[in-house]
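Colleague: I should like a close look at a single helix, its ends and its packing partner. Please describe that part in one connected account.

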Amino acid sequence: MSSLSRELVFLILQFLDEEKFKETVHKLEQESGFFFNMKYFEDAVTNGEWDEVEKYLSGFTKVDDNRYSMKIFFEIRKQKYLEALDKHDRSKAVEILVKDLKVFSAFNEDLFKEITQLLTLENFRENEQLSKYGDTKSARGIMLAELKKLIEANPLFRDKLQFPSLKNSRLRTLINQSLNWQHQLCKNPRPNPDIKTLFVDHSCGQPNGARAPSPAPIMGSIPKAGGFPQLSVHGQFQATPTPHPTSIAWMANPSPVPHPTVSAGAIGLTTPNSAAAAILKRPRTPPTNNLAVDYQTADSEHVLKRSRPLGMPDEVNNLPVNILPIQFTSQSHAQSLYSPDDLPKTVVMTLNQGSVVRSMDFHPIQQTLLLVGTSVGDIMVWEVGSRERLVLRNFKVWDIAECSVGLQAIRAKEASMSVNRVMWCPDGTLFGVAYSKHIVHVYSYNGGDELRQHLEIDAHVGSVNDLAFSHPNKQLCIITCGDDKAIKVWDAVNGSKLYTFEGHESPVYSVCPHYKENIQFIFSTALDGKIKAWLYDNLGSRVDYDAPGHACMRMAYSADGTRLFSCGTSKDGESYIVEWNESEGAVKRTYHGVGKRSAAVVQFDTTKNRFLAAGDESMIKFWDMDNVNLLTTTDGDGGLPQSPNVRFNKEGTLLAVSTNENGIKILANADGLRLLHTLENRPFDTSRVASGSIVKAPTLNTFGPTTTGTNVGVVDRGPPTMAIVGLNGESRGLSDVKPPRVVEDSIEKPKIWKLTEINEQSQCRSLRLSDSLMAAKVSRLIYTNSGLAILALASNAVHKLWKWPKSERNPSGKATASVAPQLWQPSSGILMTNEINNTTAEDAVPCFALSKNDSYVMSASGGKISLFNMMTFKTMTTFMPPPPAATFLAFHPQDNNVIAIGMDDSSIQIYNVRVDEVKSKLKGHQKRITGLAFSHALNVLVSSGADAQICVWSTDKWERQASKFLQIPNGHVPSPLAETRVQFHQDQIHLLVVHETQIAIYDVSKFECLGQWSPKEPGGLITHATYSCDSQSIYSSFEDGSVGVFVATTLRLKCRISPSAYLPSNPSSRLYPLVVAAHPIEPNQFALGLTDGGVYVLEPLEAEGKWGTMPPPENGAGPSIASGMVGSDRPSR
């Protein structure tokens, strides 16, 4: 529906309201979906008109649109159910349960079971979570307050909660104006026209002299008693300021993320909290009145209301392995800090390519590394600082036998292939090349001239026009588009095709992946000027719009991801650069100064969240993003083609521009000149490439205290120019890092890296959690998935739960070492205690697994497996009495009803809780099972046992695929029942293996050992180890009480925390950690469970923000995990 048609609906709504057609008003509100009348909704809820409440809501959202919508419908239906129970109307309650609440069982079956159990209670208030339920009126009021917050936070209601500011009787006024205009056009206007109908145009009858003055008003009010009241329901509203767009409102029902102050998290039985903090309302962008382009159509309105399954999972900011977040200049700087002088306009060098430049991309971390693709298929990597060409590769098919028949036929006829696009992946360890026929090549780059073939993909029929990297669901992917009118998504690790999006009617020219509020999506543009958007599902495009002038264009976001731009050229040569209003799907501003007769598609780029640059009319043109007029231009000292390619580096200090003479000019600003001067005539240092590369980890021979005489560091060959992007997003130069205590350097230059030693309690933050229960050693330890609590299982089979309360010092309520938590127990005073089954604490192997929503814990301590409710601590059920006894538990990642249970008889049982049945029994180990880990990416289960063996099982048929014994380092004799633990990396391919003698990393896809670390002293055994939440570090605990922090990609020790840094100075007994747990959100926080039953939380000092500094690579940077490292099974030397 066009914007004018939309406004007409508002005018009709106002007219109907003024005429007191109340039912019709609300019917039109619901059917149009343009305005959600909160007052009407409140009245319906307060009066318990549940059918009308859901009918009205159905015009704006459906139950499975997103988590906010789901919780809105759940709260309404739960309240209806509770009221039926309160009236002892069991038959009505059962009807509501089956017809209304059953739908939620697909998302939380445990909750549905708990709701069903309320039928068995005489008074549902006996349920602890509902004990504070009052009368019907108060319960509705509390629920209504929660519903209003959810509606205001729901993106589907954005711009629908405020009625436009209109003058009274605006529709009448417009009709009067129209009639006056018609009367002015009459050939023989009468002084007092008699207008009896609006169905036909007005025309005066027979001549009656000269033209009469226009009457006003011609149309009178419809007579009603008492006259017309002032606008009430649809009254005047204050305008709201225009914000930065906060979500991709073009797409149909996108999956939202948690609102800043409203959590639409797990639905539950608890009564909504009426004392919740006031909601920070999301600012809403009013419609723009851009007359040039109107993108709203009747069809698109239908698309925008299309339902889809519940949204994709949240992705927080945990990127895949080696995908470091790139830090950009903040947009919060005052605009006055930028001037045209900040633009790179000084030509500093020309690089000779030898063929026409088709595409360029600067490295995302190393600011002077430039990737180039040419018209003859060559790719090059230049170190701009030294003007050195590091890499040159000519095009060739790597494996012609694997290519399609169509490509083989083309290769037989055509000798050369042109590059259409080159692009680095986010961490710079891979780059992709899209060619003019069929092929995409992906290389792994490890610095210098070390370039390796990674993937060859026969991607499209015809030309591959564009390529980009993305990371939906924490999985690095490659997105391509081509002449076959398709967009395809590929796994960047193994090259498998994940999605194919079809719907364009002409060749797809470009793709622009992005994520906003954790909604992952892809824009695509085609040669016919059509723009579409896709989510990572199979439900088709979410938008279908026309680009300005039906231009063929590329789209790009500003560096901070808040503003969307596009640039392109139509078939008649007219070019456009525009900024989009995402909330409206319309052009926000069109920039002036672009040429009208471009011979090729104009290319552009953005920088500093402030400037746009385009190659047009043989020059580079610059615009301020907030000003449509041209800011400045430069011809780059001449020699530029009609439409040169342009590309900024990430800091905006350098600009690469293609030339007429098959070359590249590098332009710089003052900061860029300083950067190049620093690097000039300096050999390229591979350590300046992304720090996420991995080296074949040697077996380290030291772990004890480091001394100046024995610890020889790695020399940094010169002043570092690359900012190291820390795990907390902080960008710091290597020279800026100041650890708590580093062994003093006796040499000032060159710098020597030293291991960070933390020996004193003042050098880190540590907190022992208070405990009033009987002390027993901590056998298992885990953070809840929300990061708000810690759960421990002691050797006496008792669980302990610590929760952090919200306070001024800790407003988020997340676990921290700065604020003491509470040892939590329900009001009943019961404890979660496992059955022991006549086994001693020493013989039992405690184990537990926590459900994804933190509602339930499954646990065993040598006896039956117990399922506990985490809110009430009540035992929900017990099953599987020994023998054999459970020794390890793991939930299936796709089905919470399926669990893998490791047994002390060396078997693994795949158990379905719902049907109470063992689906499969896996045998392959020789001793008890001590570790289980699922990979949804590889569809495998990895098991480990006290036999030091690792087995890989398919989750399709539960068959063993491979097995391997650990290689025990020389000089180590493991205990007979030493545990072997396994944990998957975030990428779901690499595996951390922990044994008392070693820490090792395996590539499960190849089942190869990539590296191993072993303590030198046999007495300093490893007790446990775990990945940090971002998989960038490994925390390992030792029998001597110390904790090591390792770089996950290299297994190099970067920080050692001695027991004196967190334990009392004179412990009464030998204390050391038995288990370590990593915080699920904070990568630099971990917890330790000790032999005396104590639990400690450790964090670095706030001034430091992280544990130690990144060690420089040894012997150059090795291949990254993403590219698959070749390893051996033998301990590294």
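Modeller: The account below follows one helix from its start to its surroundings.

This is a predicted model, in which local features need pLDDT of at least 70, side-chain atom pairs count only at pLDDT 80 or more, and totals for chains, interfaces and linings use all residues. Residues are numbered from 1 along each chain as its sequence is written, and side-chain values use heavy atoms, with hydrogens and water left out.

Helix α5 covers residues 67–86; helices (H or I, at least four residues) and strands (E, at least two) are DSSP runs numbered from the N terminus. At the N-terminal end, Asn66 caps α5, with a side-chain oxygen 3.0 Å from the backbone nitrogen of Tyr68. Just after α5, His88 has a positive phi of about 60 degrees. Of the 20 residues of α5, 18 are buried (under 20% relative accessible area, 1.4 Å probe, protein chains only).

The packing partner is α8, residues 136–153, whose axis comes within 9 Å of that of α5 and crosses it at roughly 170 degrees. Axes are lines fitted to C-alpha atoms, for helices over the stretch in contact, and angles run from 0 to 180 degrees between N-to-C directions. The two helices, α5 and α8, are therefore roughly antiparallel (an angle over 145 degrees). In the contact (heavy atoms within 4.5 Å), residues of α5 including Tyr68, Ile72, Ile76 and Asp86 meet residues of α8, among them Thr136, Met143, Leu147 and Ala153.

Helix α5 is also among the elements that cover the buried residues of α7, namely Glu109, Leu111, Phe112, Glu114 and Ile115.

Definitions and conventions. Parallel < 35°, antiparallel > 145°, perpendicular 65-115°, else oblique. Buried < 20%, exposed > 50% of the residue type's maximum accessible area, 1.4 Å probe, protein only. Polar contact = N/O pair within 3.5 Å; in protein donor to acceptor, adjacent residues only side chain to side chain.
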